[in-house]
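Please look through the sequence and the model shown here, and keep both at hand while reading. The paragraphs that follow begin with one pair of helices and then move outward to the rest of the chain.

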Amino acid sequence: MDAEPPPRAALAALLDPLAAPLAAAAATAALFGLFVAAAGKNPIEVYRLMALGAFGSWFSWQNTLLRASPLLLTALCTALPAQMGLVIIGGEGAFVLGGLAAMAAALPLADAGAPPIVVQLAMAAAGVLAGGALIAFAGALRHWRGVNETISSLLLSSIAIAAMNQIVEGPMRDPASLNKPSTRPLPDADMIGNLPGMDVHWGLAIGLVACVLAWALMRRTTFGFAARIVGGNPRAARMAGLPVGAMTVIVTALAGAAAGLAGMIEVGAVQGSANANIAAGYGLSGILVAFLARQHPLAIIPVAILLGGIGASGGLLQRRLDLPDAAVLVLQGILFVALLAGEALPPLSRWTWTPRIGR
């Protein structure tokens, strides 16, 4: 038997998780370069300004981290169920519903003069419960009725956004909001503040802690080990006596809770009220972050910062090169398509190490 040296196979296995994201990034850079060149701009200058707008100064860094904060949590809405082989894309609905529920819980308490910490804890609990219930419902439909979780979570997300618009324009509308219907604003004393010495709210710290806890849950506990067994082979998991249905609901509830918490932070630290602006696409961008991170909770952190930087650079491109601010959305769209295409490629190990029998 004649075979290549084993170290090459080990190296290929190590690089396998990085191959698709890196290939997608390279293809995206080339395709987006052609896009901006067709618009009459220098691709090299565009990329230079994007790096400057994302990481070129302390102000840029803070803007990047501010945009990355919700992505840390909405990405978990896709990454956690993926450990069980589920593809959940309803993070936007859980995000919006979490923000609306947070305001519904906060305003009565604020009117009653409750301390800010009580108001904020009630907001967090309401956001977590609302987001968790929405995505857990998709998990329950998947297990007990065989409904595809990708389709159900997407449809539930659309229902949640429509419900938010209906409630904001109806029973919870502030009479003073004329052109843009919204709930009554949260009192300044009850708003979530910024991290010390930064213009970035506490949502960043909450998101970082959530990613670490999610990693610990799925990689360092028996529950996480069992969840990954269910994702690898549900039939074998049932034969081993694992409660597949209960675990599916728990994991999807945790996923939705993360997105709902992100929505609560958005209204409690940024918007100050619930309105159509909270459906800003953070739940959809979280899907891209999760896929780029290969569903790894710790890898979500650098990827979210990278995507946050891309979003933060749009304003500089508009000011310097007269490119529309939405140009960065084109970049994100190309990146997502390239990543999905890269997933169809065979593993790197099949390209670099193939045992040969005989001569």
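**A pair of packed helices**

In this predicted model, helices α4 and α5 cross each other in a right-handed way. Helix α4 covers residues 91-111 and helix α5 covers residues 116-145, and the two pack at an angle of about 145° with their axes 7 Å apart. Two packed helices are described by the angle between their axes and the distance between the axes. On the α4 side the contact is made by G93, A94, L97, G98, A101, A102, A105, A106, L109 and A110, while α5 brings V118, V119, A122, M123, A126, G127, A130, G131, L134 and I135. When the residues of this contact are sorted by kind, 16 are nonpolar, four are polar and none is charged.

Another residue to find in helix α5 is L141. Leaving aside its neighbours within four places in sequence, L141 is in contact with G146, V147 and S152. Of these partners, S152 is 11 residues away from L141 in sequence, and the C-alpha atoms of the two are 7.9 Å apart in space.

**The protein as a whole**

Stepping back, the reader can count 15 helices and zero strands in the protein. The radius of gyration is 22 Å, which is close to the 21 Å that the globule rule gives for 359 residues, and the protein is therefore as compact as a globular protein of that length. The C-alpha trace spans about 85 × 60 × 35 Å along its principal axes. Buried residues make up 46% of the 359 residues. Among contacts between residues at least 6 apart in sequence, 76% join residues at least 24 apart.

**The nonpolar cores**

The largest nonpolar core has 78 residues, and those with the most contacts inside it are L73, L76, M123, M264, V289 and I300. Helix α10, which covers residues 244-271, gives the most to this core, with 12 residues. One of the well-connected members, V289, touches L71, A75, I300, V303, A304 and L307, if residues up to four places away in sequence are not counted. Apart from this core lies another one, of 13 residues, among them V46, L317, L321 and V328.

**A buried threonine and two loop residues**

Is T28 buried or exposed? T28 lies in helix α1, which covers residues 6-38, and because its relative accessibility is 3%, which falls under the 20% limit, T28 counts as buried. Not counting residues up to four places away in sequence, T28 touches G33, Y47, L331, I334, L335 and A338.

The last two residues sit in loops and invite a look at the backbone. Most residues other than glycine have a negative phi, and most peptide bonds are trans. Q295, however, has a positive phi, near 65°, although Q295 is not a glycine, and this residue is found in the loop between α11 (282-292) and α12 (300-312). D322 also has a positive phi, near 60°, in a residue other than glycine, and D322 lies in the loop between α13 (314-321) and α14 (327-343). As for their surroundings, Q295 counts as buried because its relative accessibility is 16%, under the 20% limit, whereas D322, with a relative accessible area of 65%, is exposed because this value is over 50%.

How values were computed. Residues are numbered from 1 along each chain as its sequence is written. This is a predicted model: local features need pLDDT of at least 70, side-chain atom pairs count only at pLDDT 80 or more; totals for chains, interfaces and linings use all residues. Side-chain values use heavy atoms; hydrogens and water are left out. Axes are lines fitted to C-alpha atoms, for helices over the stretch in contact, and angles run from 0 to 180 degrees between N-to-C directions. Helices (H or I, at least four residues) and strands (E, at least two) are DSSP runs, numbered from the N terminus. A crossing is left-handed if the near helix is turned anticlockwise from the far one by less than a right angle, and right-handed if clockwise. Contact means heavy atoms within 4.5 Å. Ala, Val, Leu, Ile, Met, Phe, Trp, Tyr, Cys and Pro count as nonpolar, Asp, Glu, Lys and Arg as charged, and the others, Gly among them, as polar. A nonpolar core is a set of buried Ala, Val, Leu, Ile, Met, Phe, Trp, Tyr and Cys residues joined through side-chain atoms within 4.5 Å. Buried means under 20% relative accessible area, exposed over 50%, partly exposed in between (1.4 Å probe, protein chains only). The radius of gyration is taken over C-alpha atoms; the globule rule is 2.2 Å times the number of residues to the power 0.38.
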